[in-house]
Amino acid sequence: MIHGIIKGRELRYTVKIQKAKYKTQKFRKVLFLSLIFGFAFLILNPYVASAEEHPDAIEKAIAFYEKGDFDKAILEFKQAISKLRDKPEDDARNEKLFTANFYAGMAYLGKGKEGLAKESFRNAFKAAPDKTINPELFPPKVISLYNEVISQNLSSLFVKSNVAEAEIFVDDIKKGSPPVIHNLLPGTRTVKVVAAGQEIIKTVHLEPGKDVNITAEFQTIGSLSITSEPTVATVYLNGKLVGATPLQLKDIPVGEHTVVISKSGYIESTQKAVVKGSEIAEVNIRLSPVIYSVRLFSVPENAEVFWDEAARGATPLVIENVTAGVHKIRIVKEAHEEKKDTIDVQIPVTEKTYRLTPHTGSLNIKTDPPGVEVIINNRNIGATPLTVSELPVNQYAVKLKKEGYKEKDVKVGIAKGKIAEINEVLMELDAQAPEIIPEPPSKAVKENKNLIRARIVDNQAVGEVSLMLKMEGEMNFQRVGMSSPLKGTYEAVIPEAYLKKGAVLEYFISACDLQSNCAAAGSKESPHKLKVISLEPYTEGFIIDMDMENDMVKISLGSVDGVKKGDKYIVFRIGKELRDPKTNELLQIEEYLIGVIKVKELMPRTASAEIDESESGMFKNDRIRKHASAVAGVVTEGNYAAKITLRWAPNREPEVKGYRIYRSPKIDGIYQRAGEIDGRDNTSFEDTEDMKEGISFYYKVAAFNMLGTDGIMSEPVLGKTKSGVLPPENVRVEAVKINQVYLKWSISRQDPDIEGYIIFRSETEGGQFIEAGKVDRETDNYIDKEDIRQGKIYFYRIAGKSKHGSTGPLSKAVIASIKQRPKAPTGLRWEIVQGKVLLRWEANREPGIKGYNVYRKGWTKSELLITSSINSGELSPEGKTKSIKLYVTALDNDGLESEPSEEIDITLQ
């Protein structure tokens with residue numbers, strides 16, 4: 001069993017070897033050759049299977065051939081060939097015809113008839129000229145004889161062209177680009193040679209065994225027209241700088257060329273151009289602007305982004321139309337570490353996310369009792385005493401909880417690197433409300449003691465106590481706060497608006513403890529009632545007896561009322577009631593000054609006093625008072641930087657001679673005399689002592705009488721000086737030039753205390769602001785020229801300057817970004833073209849670049865040689881110059897010039 005592989009298929013062949021009937025050496029040789037040829041034929045022709053499988057004429061002949069009966073085989077092959085010649089030509093018919101002839105040729109070789117074998121091989125070739133024989137599968141004799149036959153029947157075509165790799169077609173069949181085409185059948189052939197966009201067609205006559213030479217001469221140069229939108233774009237042809245658009249190039253070799261067009265601010269474009277002989281090839285390229293964007297994210301979000309030191313907004317942020325290259329970035333968020341980075345923008349969309357590290361501090365929590373549950377921002381973090389470390393800087397809501405105690409909410413701020421403290425006492429839960437024991441008055445009179453009192457008791461602590469008051473017939477109760485001058489006693493002054501003679505007042509008292517357990521004495525539905533029965537002048541007591549012989553009187557006040565020996569009292573008498581003639585409403589009760597008495601002897605509820613002076617006789621039931629009544633209607637007026645003005649209603653009591661003004665830094669502090677006003681009708685005062693901006697005092701006013709004694713103090717009022725002058729409004733950066741910043745604002749002409757404005761500057765928004773300049777109050781602008789550096793960011797804030805020397809609060813910061821110089825050109829290179837130096841460099845793609853300067857570096861200074869609008873230039877060196885050193889700078893539309901590029905040495909031949 002012998003195996004063979006033909007055309008990628010595995011075939012299994014069976015060759016039957018007959019026992020030799022003849023023992024002669026010659027027959028064995030012939031038989032061996034016939035077996036070889038038979039096996040080779042089977043391998044050569046896969047269409048032929050064993051005779052047992054396909055019993056037709058060719059297979060019958062093969063069977064004779066395999067047995068070594070070459071004569072019968074030849075006879076059968078001849079008959080098969082004769083029948084095949086009469087059939088129409090197709091691939092199957094030609095395949096069988098080739099097989100029969102080739103096999104017959106090998107049979108002739110088996111008989112030693114080489115001439116007839118050649119003739120059969122020739123016929124086989126004519127039937128299938130494309131058939132090839134694998135030299136590894138056939139004996140050299142067969143290969144040699146078959147190739148000899150082919151060479152006598154084929155021709156070779158030699159094509160010579162002045163264009164390399166011209167394509168050759170024979171009878172429209174592509175033959176590639178070889179200079180020689182072998183094994184062409186004889187006859188007339190059409191040869192087409194294609195190159196450089198041209199075709200040359202020739203007709204040739206091929207004779208068997210002869211070679212034919214043809215020549216194809218093509219036109220090898222053409223022209224190239226290059227345009228672009230926008231124009232003035234740099235053009236590179238096959239990697240070489242050739243100029244700027246629009247551009248006409250002549251004498252360009254035919255064939256395909258690479259055209260590259262670039263322009264600052266646009267995406268470089270590459271296009272193939274096919275130049276044909278004696279024609280103008282056109283290239284028109286529309287350049288697309290370079291558009292880069294950067295997407296920035298942060299965790300947490302809402303962090304401020306500074307792009308090349310210019311504030312651009314908060315994350316998440318998309319920055320459009322950025323330039324390619326390396327950019328500086330800062331990510332800033334309050335209470336977080338600042339993040340600095342650089343981003344190299346090289347692709348259309350660049351994305352980056354920054355995780356910010358929060359500033360942290362610590363929190364110590366102690367409670368009474370301990371073991372209190374601590375909840376921060378709704379998260380349970382443990383029980384007291386407790387220390388919480390690395391808390392991000394922020395304001396926190398802390399809830400303290402313990403069974404049997406009232407919950408407590410505490411707000412605490414955490415500062416960077418600091419330890420905050422919470423020390424709290426929790427109150428035990430209490431369900432018992434306060435007990436209210438009212439002490440209603442029997443009547444209400446227009447005196448300073450028009451009070452409603454109540455005793456209030458609670459098992460722990462009383463919280464808020466209120467008097468709910470209204471006139472009978474009104475719809476709503478008004479709340480009046482009750483204070484506690486003595487422990488357990490609460491009182492409220494009835495407002496004057498309710499003190500109308502004959503009016504009926506309705507009221508009830510409510511009290512709550514610190515845990516919101518509340519009780520009431522009376523209610524809206526069942527209020528206590530009180531009738532106003534008189535409107536009398538302020539009276540402290542009365543003369544109840546007279547001893548005119550000794551000029552002595554007795555009064556209704558004694559030691560239990562706080563009377564002391566030597567005290568002097570004013571004696572007065574009430575007169576007419578003055579009424580409104582239309583309404584009969586009581587407007588005033590007249591008072592008359594009678595005299596002065598001085599206490600000599602004290603009893604618990606009475607006292608004896610001598611008449612010290614008297615303008616008219618005293619009588620029983622005359623009234624006495626030691627102090628004038630309280631001054632009403634005290635207010636502060638105006639908004640001044642160095643004074644506080646007070647005004648009040650006049651006290652019409654006849655003994656009043658003037659007013660004394662007292663002040664204290666605290667509402668419940670010690671009140672010192674600040675001034676004195678003579679005259680009952682002089683009711684205003686300006687306090688200027690020790691005044692400065694932003695200070696406050698509490699004031700009380702007392703009327704003093706003819707004895708020099710102060711009356712009852714008024715209720716305290718708060719007075720303030722204004723806190724400096726306000727900053728100007730609408731502060732803005734009006735313009736930024738190369739070395740200066742122009743600021744503008746809206747001035748305030750309504751504040752007389754403004755002397756001028758101070759301008760402050762800082763290089764960081766959160767940094768220290770240093771004074772940059774001053775202007776007067778009539779100026780609304782400032783030009784900062786001091787040490788303004790290119791490429792820097794400056795922050796400005798403005799404050800008002802007071803005439804009194806203080807500087808007011810700063811305005812909000814505004815930002816000025818100073819334009820930086822362009823980047824220096826890179827990639828400087830040169831070449832000598834026709835005796836000239838052709839210099840080129842990488843285009844600066846920053847916006848606003850208008851051109852470039854080329855300098856010659858000298859010993860002491862540099863010389864400007866040319867200015868170019870594109871990133872290339874041409875120099876014509878002087879005749880004797882052997883070498884020069886050059887560098888290039890970039891120029892922008894504002895006249896800024898970059899640093900020099902790297903220097904380049906040019907050697908001239």
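In the predicted model, Cys512 and Cys518 are joined in a disulfide, with their sulfur atoms 1.9 Å apart. This separation satisfies the criterion that the two cysteine sulfur atoms lie within 2.5 Å, and by this rule the count comes to one disulfide. The torsion about the S-S bond of Cys512 and Cys518 is about 110°, so the disulfide is right-handed. Of this pair, Cys518 has a relative accessible area of 45% and is therefore classed as partly exposed. In general terms, a disulfide is a covalent bond between the sulfur atoms of two cysteines.

The protein chain that carries this disulfide contains six helices and 67 strands. The radius of gyration of the protein chain is 60 Å, well over the 29 Å that the globule rule gives for 909 residues, so the chain is more spread out than a compact globule. Along its principal axes, the C-alpha trace of the protein chain spans about 195 × 85 × 55 Å. Of the 909 residues in the protein chain, 42% are buried, and the area exposed by the chain amounts to about 50,600 Å², of which carbon and sulfur atoms supply 48%. Among the contacts with a separation of 6 or more, 59% are accounted for by residues 24 or more positions apart. The protein chain has 127 positive and 126 negative charges, and the mean positions of these two sets are 9 Å apart.

Several backbone features were then examined. Most residues other than glycine have a negative phi, and most peptide bonds are trans. Against this background, the peptide bond from Val299 to Pro300 is cis, with omega near 0°, and Pro300 is placed in the loop between β17 (292–299) and β18 (304–307). The peptide bond from Thr315 to Pro316 is likewise cis, with omega near -5°, Pro316 being placed in the loop between β19 (310–314) and β20 (317–322).

Positive phi values occur at Asp251, where phi is near 55°, and at Asp787, where phi is near 55°; neither residue is a glycine. The setting of Asp251 is strand β13 (residues 247–253), and with a relative accessibility of 58% this residue counts as exposed. Asp787, by contrast, is found in the loop between β57 (781–784) and β58 (793–802), and its relative accessibility of 47% makes it partly exposed.

Individual residues illustrate how positions in sequence relate to positions in space. Met482 occupies the loop between β34 (478–481) and β35 (483–486), and at 9% relative accessibility it counts as buried, the threshold for that class being under 20% relative accessible area. When neighbours within four places in sequence are left aside, Met482 is in contact with Ile452, Ala454, Val465, Ser466, Leu467, Tyr490, Glu491, Ala492 and Ile509. The C-alpha atoms of Met482 and Lys850, which are 368 residues apart along the chain, are separated by 81 Å.

Leu875 is also buried, with a relative accessible area of 8%, but its place is in strand β65 (residues 872–875). The residues touched by Leu875, not counting those up to four places away in sequence, are Lys836, Val837, Leu865, Ile866, Ile884 and Leu886. For one of these partners, Val837, the separation along the chain is 38 residues, and the C-alpha atoms of Leu875 and Val837 are 5.0 Å apart.

Tyr538, with a relative accessible area of 10%, is likewise buried and lies in the loop between β39 (528–531) and β40 (541–547). The C-alpha atom of Tyr538 is separated by 15 Å from that of Asp710, a residue 172 positions away along the chain. Asn423, whose place is in strand β30 (residues 419–425), counts as exposed at 51% relative accessibility, since the exposed class begins over 50%. Asn423 and Val191 are 232 residues apart in sequence, and their C-alpha atoms are 107 Å apart in space.

Note on methods
Residues are numbered from 1 along each chain as its sequence is written. This is a predicted model: local features need pLDDT of at least 70, side-chain atom pairs count only at pLDDT 80 or more; totals for chains, interfaces and linings use all residues. Side-chain values use heavy atoms; hydrogens and water are left out. Helices (H or I, at least four residues) and strands (E, at least two) are DSSP runs, numbered from the N terminus. The radius of gyration is taken over C-alpha atoms; the globule rule is 2.2 Å times the number of residues to the power 0.38. Buried means under 20% relative accessible area, exposed over 50%, partly exposed in between (1.4 Å probe, protein chains only). Contact means heavy atoms within 4.5 Å. Accessible areas come from the Shrake-Rupley method with a 1.4 Å probe; for residues, only the protein chains shown count as cover. Lys and Arg count as positive and Asp and Glu as negative; His and the chain ends are not counted. The place of a charge is taken as NZ of Lys, CZ of Arg, CG of Asp or CD of Glu.
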